[in-house]
Amino acid sequence: MAPPAGTTGTELSRRQRIYAFALVTSLFFTWGFSYGLLDVLNAHFQTVFGISKLQSTLLQLAYFGAYFVWAPFAGTFMSRIGYKKGIHIGLGLYSLGAVFFWPSAKFEKYGGFVGSTFVIGCGLATLEVAANSYISVLGTPKYAAARLNFSQGFQGVASFSGPLIAARWFFTGANANSLGTVQWVYLAVSGLGVVLNILFLWIISFAELPEIISATPAEDLSGEHESFWKQYHCLFGWVAQTAYVGAQVGVAAFAVNYFEDQGVGISASRASDLFSFCQITFTVGRFVGVVVLNFIDPAFLLACYGGFCTLFCILVSQLPGYGGVACLFLLFFFESICYPCIFTLGTKNLGIHTKRGSGLIVMGVGGGAWYPPAQGALADKADTRRSYLVPMSGYIAMTMYAVGLVIHQATKDGFTIRNRNVQVDTHSPAEVLRRDSTEKQTANDELLKST
(Lines give C-alpha, C1' and ligand atoms only; values in the text may rest on other atoms or scores of the structure.)
Protein backbone atom coordinates (compact mmCIF):
# COMPACT_ATOMS: atom_id res chain seq x y z
CA MET A 1 0.00 0.00 0.00
CA ALA A 2 1.32 3.45 -0.91
CA PRO A 3 2.11 6.01 1.75
CA PRO A 4 -0.51 8.66 2.26
CA ALA A 5 -0.38 11.97 0.43
CA GLY A 6 1.94 14.39 2.16
CA THR A 7 4.34 11.70 3.42
CA THR A 8 7.85 12.93 4.20
CA GLY A 9 10.86 11.19 2.70
CA THR A 10 12.14 10.07 6.11
CA GLU A 11 8.85 8.24 6.78
CA LEU A 12 9.31 5.94 3.78
CA SER A 13 10.77 2.49 4.23
CA ARG A 14 14.23 1.76 2.85
CA ARG A 15 12.72 -0.26 0.00
CA GLN A 16 10.31 2.55 -0.92
CA ARG A 17 13.10 5.15 -0.91
CA ILE A 18 15.36 3.02 -3.13
CA TYR A 19 12.54 2.32 -5.58
CA ALA A 20 11.40 5.95 -5.82
CA PHE A 21 15.02 7.13 -6.09
CA ALA A 22 15.80 4.76 -8.97
CA LEU A 23 12.60 5.61 -10.83
CA VAL A 24 13.07 9.39 -10.70
CA THR A 25 16.83 9.16 -11.36
CA SER A 26 16.10 7.57 -14.74
CA LEU A 27 14.72 10.96 -15.85
CA PHE A 28 18.11 12.62 -15.52
CA PHE A 29 19.39 10.60 -18.48
CA THR A 30 16.69 12.22 -20.65
CA TRP A 31 17.81 15.83 -20.44
CA GLY A 32 21.49 14.91 -20.19
CA PHE A 33 21.29 13.45 -23.68
CA SER A 34 19.41 16.49 -25.00
CA TYR A 35 21.88 18.93 -23.43
CA GLY A 36 24.86 16.99 -24.79
CA LEU A 37 23.52 17.33 -28.34
CA LEU A 38 22.69 21.03 -27.94
CA ASP A 39 26.25 22.29 -27.61
CA VAL A 40 27.62 20.40 -30.62
CA LEU A 41 24.71 21.64 -32.76
CA ASN A 42 26.14 25.16 -32.29
CA ALA A 43 29.25 24.36 -34.29
CA HIS A 44 27.31 22.24 -36.83
CA PHE A 45 24.78 25.00 -37.56
CA GLN A 46 27.59 27.53 -38.02
CA THR A 47 28.75 25.40 -40.96
CA VAL A 48 25.38 24.41 -42.44
CA PHE A 49 23.64 27.79 -42.18
CA GLY A 50 26.74 29.97 -42.51
CA ILE A 51 25.96 31.88 -39.31
CA SER A 52 28.29 33.54 -36.80
CA LYS A 53 29.12 32.23 -33.34
CA LEU A 54 26.85 34.89 -31.85
CA GLN A 55 23.92 33.86 -34.05
CA SER A 56 24.42 30.19 -33.20
CA THR A 57 23.82 30.97 -29.52
CA LEU A 58 20.13 31.52 -30.29
CA LEU A 59 19.81 27.81 -29.52
CA GLN A 60 21.06 28.39 -25.97
CA LEU A 61 18.87 31.49 -25.69
CA ALA A 62 15.79 29.42 -26.60
CA TYR A 63 16.70 26.37 -24.51
CA PHE A 64 17.64 28.17 -21.32
CA GLY A 65 15.24 31.05 -21.86
CA ALA A 66 12.50 28.44 -21.62
CA TYR A 67 13.71 27.63 -18.11
CA PHE A 68 13.54 31.30 -17.15
CA VAL A 69 10.01 31.72 -18.53
CA TRP A 70 8.49 28.33 -17.73
CA ALA A 71 10.09 27.11 -14.45
CA PRO A 72 8.10 29.46 -12.13
CA PHE A 73 4.84 28.22 -13.68
CA ALA A 74 6.04 24.63 -13.35
CA GLY A 75 6.74 25.15 -9.64
CA THR A 76 3.34 26.73 -9.09
CA PHE A 77 1.20 24.11 -10.81
CA MET A 78 3.34 21.31 -9.35
CA SER A 79 2.33 22.57 -5.89
CA ARG A 80 -1.27 21.87 -6.93
CA ILE A 81 -1.02 18.72 -9.04
CA GLY A 82 2.03 17.04 -7.48
CA TYR A 83 5.32 15.67 -8.77
CA LYS A 84 3.94 12.68 -10.64
CA LYS A 85 1.62 14.57 -13.00
CA GLY A 86 4.35 17.15 -13.49
CA ILE A 87 6.65 14.40 -14.79
CA HIS A 88 4.08 13.39 -17.42
CA ILE A 89 3.61 16.99 -18.58
CA GLY A 90 7.38 17.48 -18.82
CA LEU A 91 7.92 14.33 -20.88
CA GLY A 92 5.04 15.31 -23.18
CA LEU A 93 6.51 18.73 -23.95
CA TYR A 94 9.96 17.19 -24.40
CA SER A 95 8.66 14.73 -27.02
CA LEU A 96 6.65 17.42 -28.82
CA GLY A 97 9.65 19.72 -29.19
CA ALA A 98 11.87 16.89 -30.47
CA VAL A 99 9.28 15.96 -33.14
CA PHE A 100 9.39 19.52 -34.50
CA PHE A 101 13.09 19.06 -35.31
CA TRP A 102 12.06 16.89 -38.27
CA PRO A 103 10.27 19.59 -40.34
CA SER A 104 12.93 22.12 -39.30
CA ALA A 105 15.66 19.89 -40.75
CA LYS A 106 13.55 18.91 -43.77
CA PHE A 107 12.99 22.53 -44.82
CA GLU A 108 16.34 23.78 -43.41
CA LYS A 109 14.85 26.50 -41.22
CA TYR A 110 17.14 27.70 -38.43
CA GLY A 111 14.22 29.55 -36.80
CA GLY A 112 12.35 26.24 -36.62
CA PHE A 113 15.22 24.67 -34.69
CA VAL A 114 15.21 27.61 -32.27
CA GLY A 115 11.45 27.31 -31.66
CA SER A 116 11.63 23.52 -31.24
CA THR A 117 14.47 23.94 -28.77
CA PHE A 118 12.30 26.32 -26.71
CA VAL A 119 9.54 23.68 -26.42
CA ILE A 120 12.09 21.04 -25.39
CA GLY A 121 13.41 23.48 -22.77
CA CYS A 122 9.90 23.93 -21.31
CA GLY A 123 9.55 20.17 -20.98
CA LEU A 124 12.93 19.74 -19.34
CA ALA A 125 12.31 22.68 -16.97
CA THR A 126 9.18 20.87 -15.76
CA LEU A 127 11.11 17.64 -15.29
CA GLU A 128 13.87 19.41 -13.38
CA VAL A 129 11.46 21.05 -10.94
CA ALA A 130 9.86 17.66 -10.30
CA ALA A 131 12.91 15.41 -10.21
CA ASN A 132 15.39 17.69 -8.42
CA SER A 133 13.04 18.59 -5.60
CA TYR A 134 11.76 15.00 -5.28
CA ILE A 135 15.29 13.63 -4.89
CA SER A 136 16.21 16.42 -2.44
CA VAL A 137 13.38 15.62 0.01
CA LEU A 138 13.61 11.83 -0.42
CA GLY A 139 15.40 11.28 2.89
CA THR A 140 17.37 13.20 5.50
CA PRO A 141 18.55 16.74 4.55
CA LYS A 142 22.11 15.82 5.61
CA TYR A 143 22.64 13.76 2.47
CA ALA A 144 20.40 15.76 0.10
CA ALA A 145 23.36 17.17 -1.85
CA ALA A 146 24.99 13.73 -2.14
CA ARG A 147 21.72 12.17 -3.37
CA LEU A 148 21.20 14.84 -6.01
CA ASN A 149 24.83 14.62 -7.17
CA PHE A 150 24.46 10.86 -7.59
CA SER A 151 21.22 11.21 -9.57
CA GLN A 152 22.61 13.98 -11.74
CA GLY A 153 25.66 11.85 -12.38
CA PHE A 154 23.47 9.88 -14.78
CA GLN A 155 22.68 13.12 -16.56
CA GLY A 156 26.43 13.39 -17.14
CA VAL A 157 26.56 9.83 -18.47
CA ALA A 158 23.99 10.81 -21.10
CA SER A 159 25.54 14.20 -21.87
CA PHE A 160 28.82 12.77 -23.17
CA SER A 161 26.96 10.39 -25.51
CA GLY A 162 25.59 13.41 -27.42
CA PRO A 163 29.00 14.68 -28.64
CA LEU A 164 30.05 11.11 -29.49
CA ILE A 165 26.99 10.73 -31.72
CA ALA A 166 27.70 14.11 -33.29
CA ALA A 167 31.32 13.18 -34.02
CA ARG A 168 30.16 10.11 -35.95
CA TRP A 169 27.00 11.45 -37.61
CA PHE A 170 27.09 15.27 -37.79
CA PHE A 171 30.71 16.13 -38.63
CA THR A 172 31.88 13.41 -41.02
CA GLY A 173 31.56 12.97 -44.78
CA ALA A 174 28.49 14.41 -46.49
CA ASN A 175 26.81 14.91 -43.09
CA ALA A 176 29.22 17.74 -42.28
CA ASN A 177 27.24 20.06 -44.55
CA SER A 178 23.71 18.66 -44.22
CA LEU A 179 20.92 18.23 -41.67
CA GLY A 180 19.78 14.76 -42.71
CA THR A 181 21.09 12.93 -39.66
CA VAL A 182 19.89 15.66 -37.27
CA GLN A 183 16.23 14.96 -38.05
CA TRP A 184 16.56 11.22 -37.48
CA VAL A 185 18.45 11.62 -34.22
CA TYR A 186 15.75 13.91 -32.84
CA LEU A 187 12.94 11.66 -34.04
CA ALA A 188 14.61 8.96 -31.95
CA VAL A 189 14.81 11.39 -29.02
CA SER A 190 11.08 12.07 -29.37
CA GLY A 191 10.37 8.36 -29.42
CA LEU A 192 12.41 7.96 -26.23
CA GLY A 193 10.28 10.60 -24.52
CA VAL A 194 7.05 8.88 -25.55
CA VAL A 195 8.29 5.48 -24.35
CA LEU A 196 9.38 6.96 -21.01
CA ASN A 197 6.01 8.64 -20.55
CA ILE A 198 4.12 5.40 -21.20
CA LEU A 199 6.55 3.48 -19.01
CA PHE A 200 6.11 5.91 -16.14
CA LEU A 201 2.33 5.79 -16.46
CA TRP A 202 2.42 2.00 -16.32
CA ILE A 203 4.93 1.72 -13.48
CA ILE A 204 3.34 4.42 -11.33
CA SER A 205 -0.13 2.89 -11.74
CA PHE A 206 1.15 -0.44 -10.42
CA ALA A 207 3.75 0.66 -7.88
CA GLU A 208 2.15 3.93 -6.75
CA LEU A 209 5.12 6.27 -6.51
CA PRO A 210 4.63 8.21 -3.26
CA GLU A 211 3.87 11.93 -3.28
CA ILE A 212 6.24 13.31 -0.64
CA ILE A 213 6.93 16.65 1.03
CA SER A 214 9.92 18.21 2.73
CA ALA A 215 10.94 17.13 6.23
CA THR A 216 11.55 20.51 7.84
CA PRO A 217 12.42 21.69 11.36
CA ALA A 218 9.29 22.79 13.17
CA GLU A 219 10.72 26.19 14.00
CA ASP A 220 11.01 26.98 10.28
CA LEU A 221 7.20 26.83 10.09
CA SER A 222 6.72 29.61 12.61
CA GLY A 223 5.15 32.93 11.73
CA GLU A 224 8.29 34.92 11.01
CA HIS A 225 9.44 32.34 8.46
CA GLU A 226 6.01 31.86 6.88
CA SER A 227 6.58 34.22 3.93
CA PHE A 228 8.40 32.73 0.97
CA TRP A 229 10.10 36.08 0.35
CA LYS A 230 11.90 35.81 3.69
CA GLN A 231 13.71 32.64 2.60
CA TYR A 232 16.87 34.54 1.70
CA HIS A 233 19.02 31.45 1.18
CA CYS A 234 16.58 30.49 -1.60
CA LEU A 235 16.39 33.96 -3.17
CA PHE A 236 20.16 34.37 -3.28
CA GLY A 237 20.39 30.75 -4.38
CA TRP A 238 18.46 31.75 -7.49
CA VAL A 239 21.02 34.51 -8.18
CA ALA A 240 23.89 32.04 -7.71
CA GLN A 241 22.24 29.42 -9.90
CA THR A 242 21.60 31.97 -12.65
CA ALA A 243 25.23 33.05 -12.61
CA TYR A 244 26.64 29.53 -12.41
CA VAL A 245 24.49 27.97 -15.13
CA GLY A 246 25.22 30.91 -17.41
CA ALA A 247 28.93 30.30 -16.92
CA GLN A 248 28.63 26.53 -17.36
CA VAL A 249 26.61 26.84 -20.55
CA GLY A 250 28.98 29.42 -22.02
CA VAL A 251 31.97 27.18 -21.30
CA ALA A 252 30.31 24.18 -22.98
CA ALA A 253 28.77 26.07 -25.91
CA PHE A 254 32.16 27.15 -27.27
CA ALA A 255 34.21 24.12 -26.24
CA VAL A 256 34.25 22.65 -29.77
CA ASN A 257 35.28 26.04 -31.22
CA TYR A 258 37.88 26.42 -28.46
CA PHE A 259 39.58 23.12 -29.31
CA GLU A 260 39.63 23.94 -33.03
CA ASP A 261 41.01 27.46 -32.45
CA GLN A 262 43.89 26.43 -30.16
CA GLY A 263 46.24 26.13 -33.13
CA VAL A 264 47.30 22.53 -32.51
CA GLY A 265 45.57 20.95 -35.53
CA ILE A 266 42.37 19.70 -33.88
CA SER A 267 39.64 18.92 -36.47
CA ALA A 268 35.88 19.43 -35.93
CA SER A 269 35.32 15.69 -35.46
CA ARG A 270 38.24 15.41 -33.02
CA ALA A 271 37.03 18.51 -31.17
CA SER A 272 33.62 16.89 -30.71
CA ASP A 273 35.33 13.79 -29.29
CA LEU A 274 37.36 15.96 -26.88
CA PHE A 275 34.20 17.72 -25.77
CA SER A 276 32.68 14.32 -25.03
CA PHE A 277 35.76 13.50 -22.92
CA CYS A 278 35.19 16.79 -21.07
CA GLN A 279 31.66 15.61 -20.28
CA ILE A 280 33.07 12.31 -19.04
CA THR A 281 35.41 14.27 -16.76
CA PHE A 282 32.39 16.24 -15.52
CA THR A 283 30.51 12.98 -14.83
CA VAL A 284 33.44 11.45 -12.95
CA GLY A 285 33.54 14.63 -10.85
CA ARG A 286 29.86 14.17 -9.99
CA PHE A 287 30.38 10.67 -8.63
CA VAL A 288 33.52 11.74 -6.76
CA GLY A 289 31.40 14.51 -5.25
CA VAL A 290 28.87 11.96 -3.98
CA VAL A 291 31.57 10.41 -1.78
CA VAL A 292 33.05 13.71 -0.62
CA LEU A 293 29.67 15.24 0.27
CA ASN A 294 29.01 12.46 2.74
CA PHE A 295 31.75 13.98 4.90
CA ILE A 296 32.23 17.62 3.84
CA ASP A 297 29.71 20.42 4.33
CA PRO A 298 28.06 21.26 0.95
CA ALA A 299 28.42 25.04 1.38
CA PHE A 300 32.12 24.75 2.23
CA LEU A 301 32.79 22.37 -0.67
CA LEU A 302 30.88 24.65 -3.06
CA ALA A 303 33.03 27.59 -1.97
CA CYS A 304 36.22 25.61 -2.65
CA TYR A 305 35.04 24.33 -6.03
CA GLY A 306 33.86 27.82 -6.98
CA GLY A 307 37.34 29.17 -6.32
CA PHE A 308 38.91 26.48 -8.52
CA CYS A 309 36.37 27.13 -11.30
CA THR A 310 37.30 30.82 -11.27
CA LEU A 311 41.03 30.02 -11.38
CA PHE A 312 40.87 27.52 -14.23
CA CYS A 313 38.48 29.69 -16.24
CA ILE A 314 41.09 32.48 -16.15
CA LEU A 315 43.80 30.04 -17.22
CA VAL A 316 41.65 28.73 -20.10
CA SER A 317 41.30 32.29 -21.38
CA GLN A 318 45.04 32.96 -21.24
CA LEU A 319 46.93 29.75 -22.05
CA PRO A 320 47.47 28.73 -25.70
CA GLY A 321 47.78 25.19 -27.04
CA TYR A 322 47.42 22.08 -24.92
CA GLY A 323 47.91 24.03 -21.69
CA GLY A 324 44.52 25.69 -22.23
CA VAL A 325 42.98 22.35 -23.24
CA ALA A 326 44.15 20.75 -19.98
CA CYS A 327 42.75 23.63 -17.91
CA LEU A 328 39.39 23.29 -19.71
CA PHE A 329 39.23 19.64 -18.62
CA LEU A 330 39.97 20.66 -15.02
CA LEU A 331 37.28 23.34 -15.24
CA PHE A 332 34.72 20.71 -16.24
CA PHE A 333 35.76 18.58 -13.26
CA PHE A 334 35.27 21.35 -10.71
CA GLU A 335 31.92 22.37 -12.23
CA SER A 336 30.54 18.93 -11.42
CA ILE A 337 28.99 19.42 -7.98
CA CYS A 338 27.97 23.06 -8.30
CA TYR A 339 24.43 22.83 -9.67
CA PRO A 340 23.19 20.11 -7.26
CA CYS A 341 24.79 21.84 -4.27
CA ILE A 342 23.22 25.22 -5.08
CA PHE A 343 19.85 23.53 -5.57
CA THR A 344 19.88 21.63 -2.27
CA LEU A 345 21.29 24.59 -0.30
CA GLY A 346 18.73 26.94 -1.84
CA THR A 347 15.74 24.66 -1.18
CA LYS A 348 16.86 23.46 2.25
CA ASN A 349 14.25 23.69 5.04
CA LEU A 350 11.61 25.43 2.92
CA GLY A 351 8.80 23.19 4.18
CA ILE A 352 5.52 24.15 2.51
CA HIS A 353 7.46 26.40 0.11
CA THR A 354 9.64 23.56 -1.24
CA LYS A 355 7.99 23.23 -4.66
CA ARG A 356 7.80 26.98 -5.15
CA GLY A 357 11.43 27.35 -4.12
CA SER A 358 12.40 24.52 -6.47
CA GLY A 359 10.71 26.38 -9.32
CA LEU A 360 12.68 29.53 -8.49
CA ILE A 361 16.04 27.73 -8.34
CA VAL A 362 15.34 25.90 -11.60
CA MET A 363 14.38 29.26 -13.09
CA GLY A 364 18.04 30.13 -12.49
CA VAL A 365 18.91 27.73 -15.31
CA GLY A 366 17.70 30.60 -17.50
CA GLY A 367 21.13 32.13 -16.93
CA GLY A 368 22.23 29.87 -19.75
CA ALA A 369 20.29 32.12 -22.13
CA TRP A 370 22.29 35.28 -21.38
CA TYR A 371 25.93 34.25 -21.08
CA PRO A 372 26.48 32.49 -24.45
CA PRO A 373 25.41 35.53 -26.56
CA ALA A 374 27.79 37.76 -24.58
CA GLN A 375 30.57 35.21 -24.95
CA GLY A 376 29.77 34.73 -28.64
CA ALA A 377 29.97 38.47 -29.31
CA LEU A 378 33.41 38.60 -27.68
CA ALA A 379 34.53 35.49 -29.58
CA ASP A 380 33.54 37.10 -32.89
CA LYS A 381 35.34 40.36 -32.08
CA ALA A 382 38.43 38.95 -30.39
CA ASP A 383 38.88 35.17 -30.30
CA THR A 384 37.33 32.12 -28.65
CA ARG A 385 40.05 31.86 -26.01
CA ARG A 386 39.57 35.42 -24.70
CA SER A 387 35.79 34.92 -24.62
CA TYR A 388 36.23 32.60 -21.62
CA LEU A 389 36.67 35.67 -19.45
CA VAL A 390 32.87 36.09 -19.64
CA PRO A 391 31.91 32.94 -17.66
CA MET A 392 34.50 33.82 -15.01
CA SER A 393 32.05 36.38 -13.59
CA GLY A 394 29.44 33.67 -13.03
CA TYR A 395 31.85 31.54 -11.01
CA ILE A 396 32.76 34.54 -8.86
CA ALA A 397 29.07 35.21 -8.04
CA MET A 398 28.52 31.54 -7.15
CA THR A 399 31.57 31.52 -4.90
CA MET A 400 30.33 34.61 -3.07
CA TYR A 401 27.01 32.87 -2.36
CA ALA A 402 28.77 29.79 -1.00
CA VAL A 403 31.13 31.84 1.18
CA GLY A 404 28.15 33.79 2.52
CA LEU A 405 26.43 30.54 3.54
CA VAL A 406 29.59 29.29 5.24
CA ILE A 407 29.86 32.55 7.22
CA HIS A 408 26.16 32.39 8.16
CA GLN A 409 26.49 28.79 9.36
CA ALA A 410 29.64 29.63 11.30
CA THR A 411 28.01 32.53 13.16
CA LYS A 412 24.94 30.44 13.92
CA ASP A 413 26.35 27.01 14.79
CA GLY A 414 30.13 27.40 14.74
CA PHE A 415 32.53 26.74 11.89
CA THR A 416 33.13 23.19 10.68
CA ILE A 417 33.95 21.63 7.34
CA ARG A 418 32.16 18.40 8.24
CA ASN A 419 28.68 17.67 6.96
CA ARG A 420 26.18 18.52 9.68
CA ASN A 421 23.39 16.20 10.70
CA VAL A 422 20.34 18.47 10.46
CA GLN A 423 17.66 17.54 12.95
CA VAL A 424 14.29 17.55 11.27
CA ASP A 425 10.71 17.01 12.22
CA THR A 426 9.47 14.05 10.16
CA HIS A 427 5.81 15.04 10.46
CA SER A 428 4.01 16.91 7.72
CA PRO A 429 3.77 20.72 8.02
CA ALA A 430 0.05 20.48 8.80
CA GLU A 431 0.73 18.01 11.63
CA VAL A 432 3.53 20.21 13.00
CA LEU A 433 1.34 23.32 13.02
CA ARG A 434 -1.54 21.38 14.57
CA ARG A 435 0.76 19.99 17.26
CA ASP A 436 2.25 23.41 17.99
CA SER A 437 -1.23 24.89 18.25
CA THR A 438 -2.25 22.18 20.71
CA GLU A 439 0.88 22.71 22.80
CA LYS A 440 0.28 26.46 22.93
CA GLN A 441 -3.37 25.94 23.95
CA THR A 442 -2.30 23.52 26.70
CA ALA A 443 0.26 26.03 27.98
CA ASN A 444 -2.39 28.79 28.04
CA ASP A 445 -4.82 26.55 29.95
CA GLU A 446 -2.18 25.75 32.54
CA LEU A 447 -1.35 29.44 32.90
CA LEU A 448 -5.04 30.27 33.51
CA LYS A 449 -5.32 27.54 36.12
CA SER A 450 -2.25 28.78 37.96
CA THR A 451 -3.68 32.30 38.16
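**Notebook: rings, patch and a few odd spots**

I started at Phe-150, which counts as partly exposed because its relative accessibility is 31%. A caution to myself: this is a predicted model.

**Aromatic pairs**

How many aromatic pairs does a search of the whole structure find? I got 24. I then looked at Phe-150 with Phe-287: the ring centres are 5.8 Å apart and the planes sit at 75°, so I logged the pair as edge-to-face. Phe-150 belongs to helix H7 (residues 144–159) and Phe-287 to helix H12 (residues 268–292), so I have distant parts of the chain linked here, with the two positions 137 residues apart. Phe-287 has a relative accessible area of 28%, so I wrote it down as partly exposed.

Next I checked Tyr-244 and Tyr-395. Edge-to-face needs planes over 60 degrees apart and stacked needs under 30; these planes are at 50°, with centres 6.4 Å apart, so the pair is tilted. This pair also links distant parts of the chain, with Tyr-244 in helix H10 (residues 232–253) and Tyr-395 in helix H18 (residues 389–413), 151 residues apart. Are these two tyrosines buried or exposed? Both Tyr-244 and Tyr-395 came up buried.

I also noted one aromatic cluster, formed by Phe-45, Phe-49, Phe-101, Tyr-110 and Phe-113.

**Thr-283, back on H12**

While I was on helix H12, I looked up Thr-283, which is found there too. Its relative accessibility is 6%, and under 20% means buried, so that is how I logged Thr-283. What does Thr-283 touch, leaving out residues up to four places away in sequence? I listed Gly-153, Gly-156, Val-157 and Phe-160.

**Nonpolar patch**

I went over the surface and found a nonpolar patch made of Leu-58, Leu-61, Phe-68, Val-69, Phe-73, Phe-118 and Trp-370. Together these residues have about 610 Å² of accessible area. Which helix gives the most to the patch? Helix H3 (residues 58–81) does, with five residues. One of the patch residues I looked at singly was Val-69, which lies in H3. Val-69 is at 43% relative accessibility, so I put it down as partly exposed.

**Arg-80, also on H3**

Arg-80 is found in helix H3 as well. Its relative accessible area is 75%, and the exposed class starts over 50%, so I marked Arg-80 as exposed. I then took the C-alpha distance from Arg-80 to Lys-355 and got 9.6 Å, for two residues 275 apart in sequence.

**Leu-378**

I found Leu-378 in helix H17 (residues 371–381). At 30% relative accessibility, Leu-378 goes in my list as partly exposed. Skipping residues up to four places away in sequence, Leu-378 touches Asp-383, Arg-386, Ser-387 and Val-390. For Leu-378 and Val-390 I also noted the C-alpha separation, 8.4 Å, with the two lying twelve residues apart along the chain.

**Glu-108**

Where is Glu-108? I found Glu-108 in the loop between helix H5 (101–106) and helix H6 (110–136). Its phi is near 55°, a positive value in a residue that is not glycine. I flagged the angle because most residues other than glycine have a negative phi.

**Whole chain**

I counted 19 helices and two strands. Of the 451 residues, 57% are buried. The exposed area is about 18,000 Å², and carbon and sulfur atoms supply 67% of that area. Among contacts with a separation of 6 or more, 84% are between residues 24 or more positions apart.

**Confidence check**

The mean pLDDT of the chain is 79, and 79% of the residues score at least 70. Where is confidence lowest, and where highest? I have helix H19 (residues 429–450) as the lowest, at a mean of 48, and helix H13 (residues 298–318) as the highest, at 96. Residues 216–224 have pLDDT below 50, and I found 21 contacts in the model for this stretch beyond near neighbours in sequence. Residues 422–433 stay under 50 too, and there the model has 29 contacts beyond four places in sequence.

Terms used:
Residues are numbered from 1 along each chain as its sequence is written. This is a predicted model: local features need pLDDT of at least 70, side-chain atom pairs count only at pLDDT 80 or more; totals for chains, interfaces and linings use all residues. Side-chain values use heavy atoms; hydrogens and water are left out. Patches are made of residues with over 30% relative accessible area and no salt bridge: like charges are joined within 9 Å, nonpolar side chains (Val, Leu, Ile, Met, Phe, Trp, Tyr) within 5 Å. Accessible areas come from the Shrake-Rupley method with a 1.4 Å probe; for residues, only the protein chains shown count as cover. A salt bridge is a side-chain nitrogen of Lys or Arg within 4 Å of a carboxyl oxygen of Asp or Glu. Helices (H or I, at least four residues) and strands (E, at least two) are DSSP runs, numbered from the N terminus. Buried means under 20% relative accessible area, exposed over 50%, partly exposed in between (1.4 Å probe, protein chains only). pLDDT is the predictor's confidence in each residue, from 0 to 100. Contact means heavy atoms within 4.5 Å. Rings of Phe, Tyr and Trp (its six-membered ring) pair if their centres lie within 6.5 Å; planes under 30 degrees apart count as stacked, over 60 as edge-to-face and the rest as tilted.
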